[in-house]
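Hi there,

Here is the structure I promised to hand over. Have a look at it first, and then read my notes below.

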Amino acid sequence: MANNELDVADKRIKVLFTFGGMPHYLTALLKNIQRKGIDVLVALPDKGKGRSIGAGVYIPDEEFEFKVFHLTECSGWYRKPMLKGLKKLIVQERPDILVFIWPYILQLVFDPFLYRTLRKLNVSILLREIPFQVPPKGSIAEYFRHNPYMTENGTYLKNPGIFFLLWQYVLSVIRSIYYKRVAGVLHYAEGKGNIPISYGVPPDRIWPTLNSPDTVVLTEAYEALKTAENNARNGRKIIHVGRLVPWKKTDLLIRAVSLLIKEIPDISLVIVGDGPQREELENLAIELGVENNVQFAGAVYKPLELGKYLMDADIYVLAGMGGLSINEAMAFGKPVICSVCDGTEKDLVTDSVNGYFFRPNDVYDLANKMRQLILVPERIRSMGEESRKIIREKVNIDTVSDRFVEAFRKVNAIRNT
């Protein structure tokens with residue numbers, strides 16, 4: 001092997017990530033990636049939280065084991081957030097790979113000087129794609145006919161108007177440009193690779209990375225709490241974990257409890273989380289006459305504290321959008337009831353094996369799936385064991401970080417050929 005080939009083989013790959021903020025689960029993931037031989041750099045908005053981060057997302061104040069650069073987030077002329085000074089940072093740090101997320105990927109389209117610099121420095125570009133509500137190229141109208149678009153206020157757009165569809169066609173043109181410019185796609189979930197493929201990305205340049213919280217810390221919390229587990233649980237305690245915002249559809253879960261209360265009067269629901277919808281949800285519980293059966297625990301972030309709530313519960317329900325809370329519940333051995341989330345739910349939950357899927361926005365189907373578990377306690381136990389097994393063997397912080405590292409090594413090999 002020639003000397004320059006040896007240098008390439010021995011050199012640590014330097015990867016620059018762009019994020020709108022650093023929730024705790026991202027910090028854990030990047031730590032693991034760095035520990036596996038990747039030099040991690042992160043570009044963040046200067047205030048620590050950009051406009052792409054949803055309301056109520058917890059951003060802890062912590063020190064990092066990797067380099068973090070704070071750039072000014074401003075609106076580009078195309079009215080979407082961009083990171084000012086990104087080109088200068090790239091010239092300064094010379095990463096091998098740059099990982100974009102939405103909406104910063106738009107800089108690849110609308111800033112020709114940035115793209116020119118990336119090509120000049122031979123920086124490989126990856127898109128970390130969350131393909132939720134993204135239609136395949138050429139099937140926009142048909143896609144939204146069969147997959148109603150959910151707005152941020154939690155309502156489905158069942159009859160999208162001409163302006164909505166026109167905007168989606170404009171986005172499709174923009175996607176066509178940045179998909180041609182990326183070296184590959186880090187896909188948030190399995191089974192959705194048809195979207196980048198429809199835009200011309202080769203199948204072997206699509207890497208499903210999945211997502212995971214810090215399952216090492218969660219497992220330690222589980223083991224610490226296991227001996228004190230409440231063996232007197234009656235199988236009727238439901239738990240929800242997540243921000244109290246409309247598209248989490250916590251209201252649907254409260255309504256499902258109200259449907260079951262006559263048949264199962266001691267059913268209880270613990271809602272862990274906070275957000276702008278809390279007062280509205282508390283009033284809904286009162287209005288439906290279930291305020292004594294619904295507990296609002298507020299926001300809980302520490303693994304041991306969250307673990308206490310999860311260990312004390314029987315069934316985890318996510319009525320609307322989300323993802324990582326499913327992983328957390330499964331790490332504590334809970335069966336999961338969910339619907340359409342962010343795409344990762346199908347990588348985590350197998351219907352009738354470790355939980356159930358209910359029809360989107362159907363409170364009666366949700367209540368029926370809850371009933372099926374509540375009335376068969378042994379099913380709760382067996383499904384919970386399956387959940388723990390999936391986290392232990394398939395989707396955890398170690399397997400997910402391995403997927404990232406494998407993708408980076410393959411992209412870097414292509415870059416150096």
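The lining of the second largest pocket has 11 nonpolar, 6 polar and 5 charged residues (Ala, Val, Leu, Ile, Met, Phe, Trp, Tyr, Cys and Pro count as nonpolar, Asp, Glu, Lys and Arg as charged, and the others, Gly among them, as polar). A pocket here is an open set of points on a 1 Å grid over the protein atoms alone, with protein on both sides within 12 Å along at least five of seven lines, and lining residues have an atom within 4 Å of a point. Of the 22 lining residues, Phe 132, Asn 147, Pro 148, Val 340 and Pro 360 lie nearest the centre of this pocket.

Please keep in mind that this is a predicted model: local features need pLDDT of at least 70, side-chain atom pairs count only at pLDDT 80 or more, and totals for chains, interfaces and linings use all residues. Residues are numbered from 1 along each chain as its sequence is written, and side-chain values use heavy atoms, leaving out hydrogens and water.

Now for helix H16, residues 377-393 (helices are DSSP runs of H or I with at least four residues, numbered from the N terminus). Among its buried residues (under 20% relative accessible area, 1.4 Å probe, protein chains only) are Ile 380, Met 383 and Gly 384. Seen down the axis of H16, the buried residues fall within an arc of 160° (taking directions from the axis to the C-beta atoms), so they line one face of the helix. On the other side, Glu 378 and Arg 392 are exposed, that is, over 50%. The buried residues of H16 pack against several elements, including helix H9 (215-226) and helix H15 (363-374), with contact meaning heavy atoms within 4.5 Å.

Happy exploring!

Notes: Helix = DSSP H or I, 4+ residues; strand = E, 2+ residues; numbered from the N terminus. Expected span 1.5 Å × (residues − 1). 1 Å grid on protein atoms, 1.4 Å probe; cavity = no way out; pocket = protein on both sides within 12 Å on 5 of 7 lines; lining within 4 Å.
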